[in-house]
Amino acid sequence: MQIAFLFSKCSDCALECEVIFERTLSNKIILRGGIVDPDPLTPELGDFAEIEETKIPEVLPMMAVRDVVVFNYMIIPLFVGRSASVEAIEEALAKEKLIMLVTQKESAIDDPGPDDVYQVGMVCMIMRTLKLPDGRLKVLVQAMQKARIKEIVQSEPFFVTRIEIIEEEMGEGDPVEIEALMRTVREHTEKILSLKGIMSSELMVILNDIDDPGRLADLVVSNLRLKTEESQSVLETINAVERLKLVADFLHKELQVSTMQAKIQSEAKEEMGRTQREYFLREQLQALKKELGDIDDKTQEIDELREKLTKMRMPATVREESLKQLKRLDMMHPDSSEASIIRTYLEWIIDIPWSKSTQDKLDLKEARKVLDTDHYGLDKVKERILEYLAVRKLNKSTKGPILCFVGPPGVGKTSLGQSIARAMGRKFYRMSLGGMRDEAEIRGHRRTYIGAMPGRIIQGLKTAGSNNPVFMMDEIDKVGSDYRGDPSSALLEVLDPEQNFEFSDHYLNQPYNLSKVMFITTANMQDTIPSPLLDRMEVIHLSGYMLEEKITIARRYLLPRQIKENGIKEKHLKITDETLSLIVTHYTREAGLRNLEREIGTICRKIARKIAEGGRGPYSISRRTLSKYLGPPKLLPEADLDNIDQPGLATGLAWTEVGGEILYVEVSLLKGKGGIIMTGQLGDVMKESGQAALTVCRSRLHKLDLDENYFDDIDVHIHVPAGAIPKDGPSAGVTIVTALFSALSGRKVRPDIAMTGEVTLRGRVLPIGGLKEKALAALRANIKTVIIPEHNRKDLVEIPKKLRDQLKFVPVKNVDQILAKVFVQ
C-alpha cells in the first residue's frame with residue numbers, strides 16, 4: 001500500500017482542499033471517510049513503481065510555485081500558466097519527467113529571479129498532465145527528494161539548475177524521547193482536527209502507522225496553515241528529530257489558537273441561543289397580552305419614554321415635570337391633539353443635552369498651535385482664548401466668556417470661532433441674528449401655540465449635542481424689532497453671566513444652565529449694538545490686514561483652497577508674491593479677504609478650463625500676464641494721489657463698517673453772498689463739521705492777509721466724493737479746514753499726507769476712533785504720513801509694529817500745527 005498526501009490549491013475558486021488519500025488495489029481514493037472516483041490526473045500503481053526506480057540527475061529544469069511548500073511524499077496538482085513554467089514542464093516531460101520545485105519568497109512577483117526563490121526545494125516527478133481550454137496546464141507531481149540549488153545553469157527561456165541532493169539525518173536522540181515526541185504530535189493533531197470538526201479515522205490510522213519522525217513531521221506540517229516562511233523553515237531542517245520538534249512547537253501554537261477559537265464560537269453560540277430564547281419568550285408574552293387586551297402600542301410607547309426619562313441625567317425639577325407630563329399623556333387618547341403636543345415636548349426633553357459635556361483640551365501649547373495653523377495674525381484674540389483656557393485649567397468651575405468680535409467683513413470672525421472650538425475640543429454651532437425680529441426666535445413659543453418649538457438657543461444645543469459648545473451668533477448688530485418683540489432684549493438673559501445659569505425657554509418652561517456655553521458674537525459695527533447688550537460682552541476689534549499679511553494669508557490659505565476647489569493641482573499654477581501684491585493693490589480695496597479670494601478663484605477657474613481643454617501647464621501668472629486673467633486693473637492707487645495736484649483738495653481718513661477708507665475733500669470758492677454749500681450725501685454731523693471748519697478759517701483770515709469781510713462776497717462749496725455714498729461723522733473736520741485753507745491761500749496740499757480728527761471752533765483737534773482701520777486704509781492708498789490727534793497717541797501701541805514702521809504718524813493738538821506741515825513747499 002502506497003501512502004501519499006495530496007494538497008490542492010485551485011486558482012479558479014480560491015478554495016483549499018486538503019486530502020489524505022490511500023492508494024488501494026482497487027484504484028480508488030479514500031477521501032476522509034468518503035470514496036471518490038479518480039480524475040484524469042489520479043496516479044496509478046505503475047506511477048509509484050516508476051518513481052521508486054528513477055535516478056535523479058544532477059541538472060534539472062526549475063519551476064517556482066506560489067504560496068505552497070512541497071514536502072516529501074506529497075502528490076500535488078499544479079495549475080501552470082506562466083510561459084517559462086510551461087516550457088520547464090515540457091522540457092521535463094521530454095526527458096526524465098523530473099523537475100525542481102522551489103517556493104517564491106513573494107507570491108506577488110510574476111517573473112521571479114534566482115534571488116526571489118528559496119534555495120531548498122523538492123525534486124518532483126511529473127505523473128500526469130492535462131491541457132486546459134485557457135492554455136494552462138494542470139500537472140500532477142509527486143515529491144521525491146529534497147535538494148538544494150547549487151548554481152543556475154540556464155536563465156532563458158526557463159531556469160535550469162544544478163542541484164545537490166540533501167540526505168535525511170536521523171540525529172542522535174533517546175528512542176523513548178522520540179517516541180514520546182511522536183505521540184505528542186499525533187495527540188495534538190487529533191485534538192486540532194477534532195476542534196475543527198474534520199476528524200477522520202482513516203487519517204489517524206495513517207498517522208499511527210508512520211514510525212519515521214521525518215515522515216510524520218512532513219505529513220503533519222502539510223496540514224497546518226502556516227506562513228510560507230515557517231513551512232520553508234521546516235523543510236530546510238535536515239535533522240528529522242529537530243524537524244519534528246519544530247512541528248511540535250507549531251502544533252502547540254495552533255492548538256492554543258484552535259482552543260480559543262472553539263471557546264469563542266461556543267460562547268457566541270450560547271449567547272445567541274440565550275438571546276433568541278429571551279426574544280422568543282418576550283414576543284410570546286407580548287402576543288398573549290395583546291390577545292388578553294392588556295397591552296397596546298400606546299403602552300409600549302409610554303414604557304419607552306419612561307425608560308429614557310429614568311436613565312437620563314437631568315435636574316430634579318425637569319424630571320418631575322417630565323414624569324408629570326408623561327402621566328398626563330398616559331391618560332389621554334393617543335390621537336388627541338394635546339397628546340401630540342405632550343409627546344413632542346417629552347421628545348425634546350429627552351434630546352436636549354442636560355448633562356452631556358465634552359472634555360476641554362487644556363493643553364495651551366497645542367491650542368496655540370491649532371489657532372496658528374488656522375489663522376495668521378489676530379494675536380489679541382488668540383491671547384484671550386489662551387487666557388480663558390489657562391483659567392479653566394486652574395478653576396474648573398469658571399463660567400464661559402462672552403466675546404464679541406467687531407470688524408469689517410472678510411477678516412475671519414466666523415472661521416475664528418470654528419478654530420476656537422477645535423482648539424478647545426468643543427462642539428461648534430453657528431446661528432445668524434441678521435434680520436431677526438421675533439422674540440420667540442430666542443425664547444421659543446409657548447406650548448399652547450400650534451407648531452410651537454423651542455427657541456434657537458435650545459435648538460442649537462440639541463444640534464451640538466453637548467451643554468458646553470462654542471455657540472456663535474453672527475450679525476448681532478443687525479437684530480431688528482417690531483410688534484412681535486425685541487430679540488436684543490431677549491438676548492440679555494442669554495448673554496448675561498449672572499442670569500444665563502437659569503435661562504428660561506417658553507417652550508420648555510424649565511430653567512436651563514447656559515453658563516458652560518462659550519458665546520461668541522460678531523458684528524460689523526459696534527455703534528448699532530444696543531448699549532445694554534454691549535455692556536454684557538467683551539469686545540475684541542478685528543481691524544483688517546496689511547498688504548504683507550494679505551499676501552501671506554493668500555499664499556498659506558486662499559490659494560491652496562481655490563486650487564483644490566477648482567480641481568487643479570499646485571504644479572499647474574505658479575504665482576509670485578509680487579503678483580499677489582498686484583492683485584491686492586490693483587484689483588481689491590478692502591479690509592478683509594473676500595474679494596482677494598474671488599480674484600484668485602477667477603485665475604484658478606481660467607487655468608482649470610485650459611487644463612480641461614488639453615493644456616498641461618504650468619501657467620505662470622506675472623505682472624505682464626495678470627490682465628489676461630483678471631482684465632485691466634480696477635483700482636489705481638497711484639492715480640488717486642496724482643489727483644491731489646491743485647489748491648482746495650485734501651485727503652482725509654474715514655471709518656466705515658467695512659473698514660477704513662480714503663476720503664477726498666474738495667473746496668471751491670465762488671462769487672456769492674457768503675453762503676456755504678455742502679454736497680456728497682453728507683450726514684448732519686458732517687455738515688456741522690463743515691460749519692465749524694468754516695468758522696475756524698474765518699477766525700484765521702489775518703494769517704492769510706485777507707480782509708475780515710472776505711467771505712461776504714463769496715460762496716463756499718464743499719464736496720466729498722463719491723456723491724452716491726452716504727457719509728457722516730466728525731473726524732473729517734481737520735480735512736475740511738485744510739482744504740479750505742488750501743483754497744484760500746492757493747497752496748497745494750502734499751499728496752502723500754492724510755489726516756483725521758474732529759475740530760472745535762477754537763481750532764483744537766479732538767480724538768477719534770478706528771485709528772488702526774484708518775491707518776490700514778492710508779497704507780493701501782500709498783500714503784506715507786498720517787496726521788492724528790494728540791490724544792490718540794496712546795492708541796499707537798495697538799497698531800502692529802510693521803504698520804508703524806511703514807507710516808509716519810504725526811500727533812497734533814490744533815489746526816495751526818497741521819497747516820504748518822501739510823502744504824507743498
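Trainee: What makes β12 and strand β13 (residues 470-474) count as paired, and is the sense parallel or antiparallel?

Mentor: Two strands pair if DSSP finds at least two bridges between them, and β12 and β13 have 5, in the parallel sense. They therefore meet the definition. Within this pairing, Phe428 stands opposite Val470 in β13. One caution early on: this is a predicted model, where local features need pLDDT of at least 70, side-chain atom pairs count only at pLDDT 80 or more, and totals for chains, interfaces and linings use all residues. Residues are numbered from 1 along each chain as its sequence is written, and side-chain values use heavy atoms, with hydrogens and water left out.

Trainee: What makes a stretch a strand or a helix here?

Mentor: Both are DSSP runs numbered from the N terminus: helices are H or I over at least four residues, strands E over at least two. Five strands form an open sheet in the order β12-β13-β16-β11-β17, with parallel pairing.

Trainee: Why are β12 (428-432) and β17 (538-541) called edge strands?

Mentor: Each of them pairs on one side only. Neighbouring strands in this sheet are turned by 20 degrees against each other on average, direction ignored. Helix α13 (residues 413-424) packs on the sheet, touching β11 (402-406), β12, β13 and β16 (518-523); contact here means heavy atoms within 4.5 Å. The direction of α13 makes about 175 degrees with that of β13, where axes are lines fitted to C-alpha atoms (for helices over the stretch in contact) and angles run from 0 to 180 degrees between N-to-C directions.

Trainee: How do you know that Arg430 and Asp474 form a salt bridge?

Mentor: A salt bridge needs a side-chain nitrogen of Lys or Arg within 4 Å of a carboxyl oxygen of Asp or Glu. The closest N and O atoms of Arg430 and Asp474 are 2.5 Å apart, so the pair qualifies. Arg430 lies in strand β12 and Asp474 in strand β13, so the pair ties together parts that are 44 residues apart in sequence.

Trainee: Are Arg430 and Asp474 buried or exposed?

Mentor: Buried means under 20% relative accessible area, exposed over 50%, and partly exposed in between (1.4 Å probe, protein chains only). Asp474 has 3%, so it is buried, while Arg430, at 41%, counts as partly exposed.

Trainee: What makes Glu242 and Lys245 a salt bridge?

Mentor: Their side chains meet at 4.0 Å, N to O, so the pair satisfies the criterion. Both belong to helix α7 and are 3 residues apart, separated by about one helical turn. Glu242 is partly exposed at 42%, and Lys245 likewise falls in the partly exposed range at 32%.

Trainee: Why is helix α19 (residues 577-587) described as largely enclosed?

Mentor: Of its 11 residues, 8 are buried, so the rest of the structure largely encloses α19. Among the buried ones are Leu580, Ile583, His586 and Tyr587.

Trainee: What makes a set of residues a nonpolar core?

Mentor: Its members are buried Ala, Val, Leu, Ile, Met, Phe, Trp, Tyr and Cys residues joined through side-chain atoms within 4.5 Å. The largest such core has 55 residues, and Ile99 and Leu101 touch the most other members. Helix α7 (residues 240-292) gives the most to this core, with 7 residues.

Trainee: How many disulfides does a search find?

Mentor: The search of the whole structure finds 0, a disulfide being a pair of cysteine sulfur atoms within 2.5 Å. Cys404 is buried at 0% relative accessible area, and Cys697 is buried at 0% too.
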